[in-house]
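Hello,

Here is the structure I said I would pass on. My notes on what was found in it come after.

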Amino acid sequence: MTNQEFLLVFLCCTVTMLICRCAPLMLLKGKSLPEQVERALGFIPPAAFAALVANDLLSPTMFDAGLWPAGAPLVAALVVVVVARLTKSLLWCAIAGVVSYALLMMI
């Protein structure tokens, strides 16, 4: 890839990002949205996060390495769910997930 081709791709990516991400924020600044739209937009972050987590936890080949290597992440995710319900803190969820997964992988 030549420098000109790279700059062209970089410029296209930058313009696309500005149009898709920044323009709506600038256009909607200071304006109120209908309640139904605001409620629907509130579901986007949890849905995106759930999709990322499910993609890492569940796969067609997850049991190829054995039961425990497939089950350890699921147990750690269960610990995170319990901590989330009790504390409602992202920090404690992250700490509980990392610590529980590390301990489970040492077994």
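Confidence, pocket and surface

In the protein chain, mean confidence runs from a low of 87 in α3 to a high of 93 in α5. This is a predicted model, and the mean pLDDT of the protein chain is 90, with 100% of its residues at 70 or more.

The largest pocket has a volume of about 490 Å³. Its lining counts 17 residues, and those closest to the pocket centre are Phe 49, Val 53, Ala 77, Val 80 and Gly 97. Two or more lining residues come from each of α3 (44-57), α4 (67-87) and α5. The most come from α4, which gives 7 residues. By type, the lining of the largest pocket holds 14 nonpolar residues, 1 polar and 2 charged.

There is also a nonpolar patch on the surface, of about 650 Å². The residues that make this patch are Leu 91, Trp 92, Ile 95, Val 99, Leu 103 and Met 106. One of them, Leu 103, lies in helix α5, which covers residues 90-106. Helix α5 is also among the elements that give two or more residues to the lining of the largest pocket.

Regards

Methods:
Residues numbered from 1 in each chain as written. Predicted model: local features only at pLDDT ≥ 70, side-chain atom pairs only at ≥ 80, totals over all residues. Heavy atoms only, no water. Patch = residues over 30% accessible without salt bridge, like charges linked within 9 Å, V, L, I, M, F, W, Y side chains within 5 Å. Areas by Shrake-Rupley, 256 points an atom, 1.4 Å probe, with all protein chains shown as cover. Salt bridge = Lys/Arg side-chain N within 4 Å of Asp/Glu carboxyl O. Helix = DSSP H or I, 4+ residues; strand = E, 2+ residues; numbered from the N terminus. 1 Å grid on protein atoms, 1.4 Å probe; cavity = no way out; pocket = protein on both sides within 12 Å on 5 of 7 lines; lining within 4 Å. Points joined across faces, edges and corners; volume = space filled by probe spheres on them. Nonpolar A, V, L, I, M, F, W, Y, C, P; charged D, E, K, R; others polar. pLDDT = per-residue confidence, 0-100.
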